[in-house]
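Student: I've just opened this one and don't know my way around yet. Could you walk me through it?

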Amino acid sequence: MDEYIIKVMIEGKNNVLKTYCNNIVSAIDTMVNIDSVEDILHITRTKDCKEWSLSNVNIKELRNLRNQRLADDRKSYGR
C-alpha cells in the first residue's frame with residue numbers, strides 16, 4: 001500500500017488528510033466516502049511524489065454514482 005497526502009476542503013476550509021491505498025482510484029474513493037469532504041483539491045503519493053490536481057472533479061457527482069451503484073448491487077443480490 002502507498003501513502004497519499006490529500007488536500008481537501010472541509011467546512012469551507014483547506015485541510016490535509018492522509019490515507020493508505022493501493023492506487024489513486026482507491027484514494028479518491030476513500031475521500032468520496034468521507035461525508036465531510038466537500039472537495040478534493042490535490043493528491044500526492046509520497047513514495048515518488050507523484051501529484052494529481054483534481055480541480056475538475058465533482059465530488060457530489062462521484063458520491064451519487066457510488067450510491068447508485070451500491071443500490072443497484074443490493075437489488076441484484078436481494079438485500
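Here is a short chat about pairs, strands and charges.

Tutor: Two ground rules: this is a predicted model, where local features need pLDDT of at least 70 and side-chain atom pairs need pLDDT 80 or more, while totals for chains, interfaces and linings use all residues. Residues are numbered from 1 along each chain as its sequence is written, and side-chain values use heavy atoms, leaving out hydrogens and water.

Student: Which residue forms an aromatic pair with Y4?

Tutor: A search of the whole structure finds 1 aromatic pair (ring centres of Phe, Tyr or Trp, the last by its six-membered ring, within 6.5 Å). Its centres are 6.3 Å apart with 45° between the planes, so it's tilted (stacked is under 30 degrees, edge-to-face over 60, tilted the rest). Y4 sits in strand 1 (residues 2-10) and its partner in strand 4 (residues 50-53), strands being DSSP E runs of at least two residues numbered from the N terminus, so the pair ties together parts 48 residues apart in sequence. That partner is W52.

Student: Where does strand 1 find its antiparallel partner, and how many bridges join them?

Tutor: Strands pair if DSSP finds at least two bridges between them. Strand 1 runs antiparallel to strand 2 (residues 13-21), and I6 stands opposite L17 there. The two form a hairpin with 2 residues between them, and E11 in the turn has a positive phi of about 50°. So for strand 1 and strand 2, the number of bridges is 9.

Student: Is D2 buried or exposed?

Tutor: Buried means under 20% relative accessible area, exposed over 50%, and partly exposed in between (1.4 Å probe, protein chains only). D2 meets K47 in a salt bridge of 3.6 Å, N to O (the cut-off is a Lys or Arg side-chain nitrogen within 4 Å of an Asp or Glu carboxyl oxygen). K47 is exposed at 60%. D2 has a relative accessible area of 15%, so D2 is buried.

Student: What is the side chain of opposite charge nearest to R63?

Tutor: R63 lies in helix 2 (residues 59-76), a helix being a DSSP run of H or I with at least four residues. R63 is buried yet has no salt bridge. Counting Lys and Arg as positive and Asp and Glu as negative, with His and chain ends not counted, the nearest side chain of opposite charge is 4.3 Å away, and it belongs to D35.
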